[in-house]
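Biologist: I have a chain on screen and a few questions about it. Can we go through them one by one?

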Amino acid sequence: RRALLALGAALVVVGLAAFGALLVVVLGDRGPLPLDRAVDDWLDARRTGELTNASTVLALGFGPIGMPIVVMATLVVWIWRARHLWRPLLIAAGMLVGVVLAQLIARLVERPRPPAAEMLLDVDRSFSFPSGHVLGMADFFLLAAFLLASRLGSRAFSVGATACAVLLVVAQAASRLYLGYHWLSDVSASIALSLVVVGTVVVVDTRRTVRVAGERIEGPLSSPQRDGT
């Protein structure tokens, strides 16, 4: 339990520090940073039909329309199979917090997106910092990986689930840069915010469900068996 609580706290601290540093830099100059521009130019020079198709699938499948469908389907199946609400509730709450943070921060910072001429799909004139696509995908897959791995107790599954979640998040971040809708600092800020959300869920879930030998459990809702563990 101490290890999980330490992990959650570390994720929150690292995420807050990284996001705070990015926010200070972006507020100082809402335009692209030198590294933002360099990465953007490098990706623009490597656009191909295959990469565009793959990036479009990620954008649509895990965007404002596709992501809610994926989340709802997952939660319905999870509740049906596990017959409990705790873990689905944590994922839903984490996703909701991510959406609120992305919308609120974007309106407060008001950072312009890359030029419309670089956008490969529809022109998006909303604000750029942070990326809602990346934040939503990171919250969903990282939370799902943690909540599954922490119950199964398999080191191999934990490593595999975490690696898959990280790869999917990196792929989504790269696709947003490739398609011309965000700067590197935008997607980096989203990943930092997701670490805060995931770390908070790790702490809340650990305090709610993880028990040590000999510990007295008060009340029916405190029993891990109620959570499907």
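Biologist: What radius of gyration does the chain have, against that of a compact globule?

Modeller: Bear in mind that this is a predicted model. With 229 residues, a compact globule would come out near 17 Å. The chain agrees with that, so its radius of gyration fits a compact globule: 19 Å.

Biologist: How many helices and how many strands are in the chain?

Modeller: Read the elements from the N terminus on: they run α-α-α-α-α-α-α-α. The count is eight helices and zero strands.

Biologist: Is isoleucine 91 buried or exposed?

Modeller: Isoleucine 91 is found in helix H5, which covers residues 86-109. Buried means under 20% relative accessible area. Isoleucine 91 has 0%, so the residue is buried.

Biologist: Which residues are in contact with isoleucine 91, leaving aside its neighbours within four places in sequence?

Modeller: Contact here means heavy atoms within 4.5 Å. One partner is leucine 143, 52 residues apart from isoleucine 91 in sequence. Their C-alpha atoms are 6.3 Å apart in space. The full list is Leu75, Trp78, Phe140, Leu143, Ala144 and Leu147.

Biologist: What share of contacts in the chain join residues at least 24 apart?

Modeller: Count contacts between residues at least 6 apart in sequence. Of these, the share joining residues at least 24 apart is 80%.

Biologist: What share of the exposed area do carbon and sulfur atoms supply?

Modeller: Of the 229 residues, 41% count as buried. The chain exposes about 12,100 Å². Carbon and sulfur atoms supply 70% of that area.

Conventions:
Residues are numbered from 1 along each chain as its sequence is written. This is a predicted model: local features need pLDDT of at least 70, side-chain atom pairs count only at pLDDT 80 or more; totals for chains, interfaces and linings use all residues. Side-chain values use heavy atoms; hydrogens and water are left out. Helices (H or I, at least four residues) and strands (E, at least two) are DSSP runs, numbered from the N terminus. Buried means under 20% relative accessible area, exposed over 50%, partly exposed in between (1.4 Å probe, protein chains only). The radius of gyration is taken over C-alpha atoms; the globule rule is 2.2 Å times the number of residues to the power 0.38. Accessible areas come from the Shrake-Rupley method with a 1.4 Å probe; for residues, only the protein chains shown count as cover.
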